[in-house]
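The following exercises concern salt bridges and their surroundings in a single protein chain. Each task is followed by a solution in steps.

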Amino acid sequence: MDWGLVHKAWEKWASASVGSSGQPLKAALLINYEPGGPSRLLPIIAEQEGLKLAPPDLTQFVAFVKRKQFQSETFFVADSEYLVTSIHESWFSARSMNSSKPAGEGAIVMQAAAFLLIGLYDGSVDSASRAMLAVDQFAWQIGRRNL
């Protein structure tokens, strides 16, 4: 895995996809993910934009992904609790259960190479579609480079 290429791809992608209004994502995280690794290890945050999280903040989330009980459990990212609404082969989407925003908030979680990519967005169906496209673009970038 060439970390330099991953970082460069992240910087370019995040500047165009994460942050200010008009961009599809309000925040994104890239977590090293080894499903067969020991559960006592803390998740390693490779990159993050729009959030300030530490590895212990994501321990519950990574355990949730490893258990694969997507339809019967919820997960947390930062202060938001999410309920999975759609499950696909290498990704799932979720809606925040405690959002104070009228249109709600959501998350797209995708496994890409040796990473979990989390994209957080504000809004409903249109916002979810834009968020999915943004997350998929980055996953494709790091997947095609076979980093």
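**Exercise 1.** Which residues does Ser127 touch, not counting residues up to four places away in sequence?

*Solution.* The model is a predicted one. Step one is to place the residue: Ser127 belongs to helix 3, which covers residues 125-144. Step two is to list its contacts: beyond the excluded sequence neighbours, Ser127 touches Tyr121 and Asp122. Step three concerns accessibility. The relative accessible area of Ser127 is 17%, and buried means under 20%, so Ser127 is classed as buried.

**Exercise 2.** Determine how Asp122 and Lys26 are paired, and state which parts of the chain the pair ties together.

*Solution.* Begin with the distance: the closest N and O atoms of Asp122 and Lys26 are 3.1 Å apart. A salt bridge requires such atoms within 4 Å, so this pair qualifies as a salt bridge. Next, locate the partners. Asp122 lies in strand 7 (residues 115-122), whereas Lys26 lies in the loop between helix 1 (3-17) and strand 1 (27-32), so the salt bridge links parts that are 96 residues apart in sequence. Finally, consider accessibility: Asp122 is partly exposed at 31% relative accessible area, and Lys26 is partly exposed at 26%.

**Exercise 3.** Describe the salt bridge between Lys101 and Asp122, and identify the network that contains both residues.

*Solution.* First, the side chains of Lys101 and Asp122 meet in a salt bridge with an N to O distance of 3.0 Å. Lys101 is in the loop between strand 5 (91-96) and strand 6 (105-112), while Asp122 is in strand 7, so this pair connects parts that are 21 residues apart in sequence. The relative accessible area of Lys101 is 36%, which makes Lys101 partly exposed. The last step is to follow the shared partners: salt bridges join Lys26, Lys101, Glu105 and Asp122 into one network.

**Exercise 4.** How many salt bridges does a search of the whole structure find? Characterise the one formed by Arg67 and Glu73.

*Solution.* The search of the whole structure yields 4 salt bridges. One of them is formed by the side chains of Arg67 and Glu73, with 2.6 Å from N to O. To assess the accessibility of the partners, take each in turn: Arg67 has a relative accessibility of 40% and counts as partly exposed. Glu73 has a relative accessible area of 22% and is also partly exposed.

Definitions and conventions: Residues numbered from 1 in each chain as written. Predicted model: local features only at pLDDT ≥ 70, side-chain atom pairs only at ≥ 80, totals over all residues. Heavy atoms only, no water. Helix = DSSP H or I, 4+ residues; strand = E, 2+ residues; numbered from the N terminus. Buried < 20%, exposed > 50% of the residue type's maximum accessible area, 1.4 Å probe, protein only. Contact = heavy atoms within 4.5 Å.
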